[in-house]
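User: I have a model open and would like to learn how to read it. Can you take me through the main features one by one?

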Amino acid sequence: MTETIASPPRFITYVPLTNLAPAARNPKRHELELIIASIDMHGLVEIPVVDERTQQTLHGHGRRESLIEMQSRGMRAPSGIVIDEDGGWLVPVLRGWSSRNDAEAEALAIKLNRLPGEGGWDPRELAEVLEDLATNEAELFDSLAIPHEEIDKMLGQVDPETLPGGGREDETPLLHLPDDGERGNELSPDDEGRAPHTTCPACGHMFTSSR
């Protein structure tokens, strides 16, 4: 069921990318190439937020910078972006929230960046999702760009017995490539430049990462 609200407290408008002003201070750093790759693959999904009091970006500086860079490179406009009659990019932004002062605006900006990651990840469920992606959607798995060290640390927290197929005596053991230290000094022709890998303790899938 949906309802139409005459004056919604939060609403989305499209503004020229060139008019989307950054905050006066923004201590958050960004991996622009990763954001650009994500927007190019999936479109602009999470939209910037504008503070009505300052008319500046409250949340979404990385997306703003990435879109500016994409346009300057001559990349295609991602889904979610509207092209105006002059060829400019119109960006959807969330409007309707107004800070009381600069201190509140900066405090909320920090919260919006920090709080989503504070809960961490459930290592077991994340391992299952990563395995499914690595097995069935390699391009999507690679696009996550998770460093090898993070995957290794996460898998180290997973009890193989709790994963589907983990530790059952009636299953045929799955083979995986051993670590370099297990193989002696001889290298196969494919070893040169081989990316680091981590093997799932339950399924034997070998996760690789170039990062």
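Analyst: We will go from the overall fold to the cores, the pockets and two backbone details. One caution first: this is a predicted model.

User: Start with the fold. How many helices and strands does the protein have?

Analyst: It has 6 helices and 7 strands. From the N terminus, their order is β-α-β-β-α-β-β-α-α-α-α-β-β.

User: What share of the contacts with a separation of 6 or more joins residues 24 or more positions apart?

Analyst: The share is 70%.

User: And how much of the protein is buried?

Analyst: Of the 211 residues, 28% are buried. The accessible surface is about 14100 Å². Carbon and sulfur atoms account for 51% of that surface.

User: Now the interior. What is the general idea behind a nonpolar core?

Analyst: In soluble globular proteins, nonpolar side chains tend to be buried together. Here the largest nonpolar core has 13 residues. L44, L67, M70, I81, W89, V91 and V93 have the most contacts inside this core. α1, α2 and β5 each give two or more residues to the core. The largest share comes from β5, with 3 residues.

User: Take one of those residues. Which residues does L44 touch, leaving out those up to four places away in sequence?

Analyst: L44 touches I39, R63, L67, P78, S79, G80, I81, V91 and P92. Three of the names in that list also belong to the core residues with the most contacts: L67, I81 and V91.

User: Where else should I look for a core?

Analyst: Another core, of 9 residues, lies apart from the largest one. A127, L130, I151 and V158 are among its members.

User: On to pockets. How much space lies in the largest pocket?

Analyst: About 1500 Å³. Its lining has 42 residues, and L34, I35, S38, E46 and W121 are the closest to the centre.

User: Which element gives the most to that lining?

Analyst: α1 does, with 7 residues. At least two lining residues also come from each of β3, α2, α3, α4 and α6.

User: What is the chemistry of the lining, by class?

Analyst: Count by class: 21 nonpolar, 14 polar and 7 charged residues.

User: How does the second largest pocket read?

Analyst: It holds about 300 Å³ of space. Of its 19 lining residues, A23, R25, A105, E106 and A109 are the closest to the centre. β3 and α3 are the elements that give two or more residues. α3 has the largest share, 6 residues. The classes are 7 nonpolar, 6 polar and 6 charged.

User: Last, the backbone. Why look at the sign of phi?

Analyst: Most residues other than glycine have a negative phi. A positive value is therefore worth a look when the residue is not a glycine. Q55 is such a case, with a phi of about 60°. Q55 sits in the loop between β2 and β3.

User: Is Q55 buried, partly exposed or exposed?

Analyst: Partly exposed, because its relative accessibility is 40%, between the cut-offs of 20% and 50%.

User: Where is A145 found, and what is its phi?

Analyst: A145 is found in the loop between α5 and α6. Its phi is positive, about 50°, and it is not a glycine.

User: Is A145 buried or exposed?

Analyst: Buried. Its relative accessibility is 14%, and the cut-off for buried is under 20%.

Methods
Residues are numbered from 1 along each chain as its sequence is written. This is a predicted model: local features need pLDDT of at least 70, side-chain atom pairs count only at pLDDT 80 or more; totals for chains, interfaces and linings use all residues. Side-chain values use heavy atoms; hydrogens and water are left out. On a 1 Å grid over the protein atoms alone, a cavity is a set of points where a 1.4 Å probe fits but cannot get out, and a pocket is an open set with protein on both sides within 12 Å along at least five of seven lines; lining residues have an atom within 4 Å of a point. Grid points are joined across faces, edges and corners, and a volume is the space filled by probe spheres set on the points. Helices (H or I, at least four residues) and strands (E, at least two) are DSSP runs, numbered from the N terminus. Ala, Val, Leu, Ile, Met, Phe, Trp, Tyr, Cys and Pro count as nonpolar, Asp, Glu, Lys and Arg as charged, and the others, Gly among them, as polar. Buried means under 20% relative accessible area, exposed over 50%, partly exposed in between (1.4 Å probe, protein chains only). Contact means heavy atoms within 4.5 Å. Accessible areas come from the Shrake-Rupley method with a 1.4 Å probe; for residues, only the protein chains shown count as cover. A nonpolar core is a set of buried Ala, Val, Leu, Ile, Met, Phe, Trp, Tyr and Cys residues joined through side-chain atoms within 4.5 Å.
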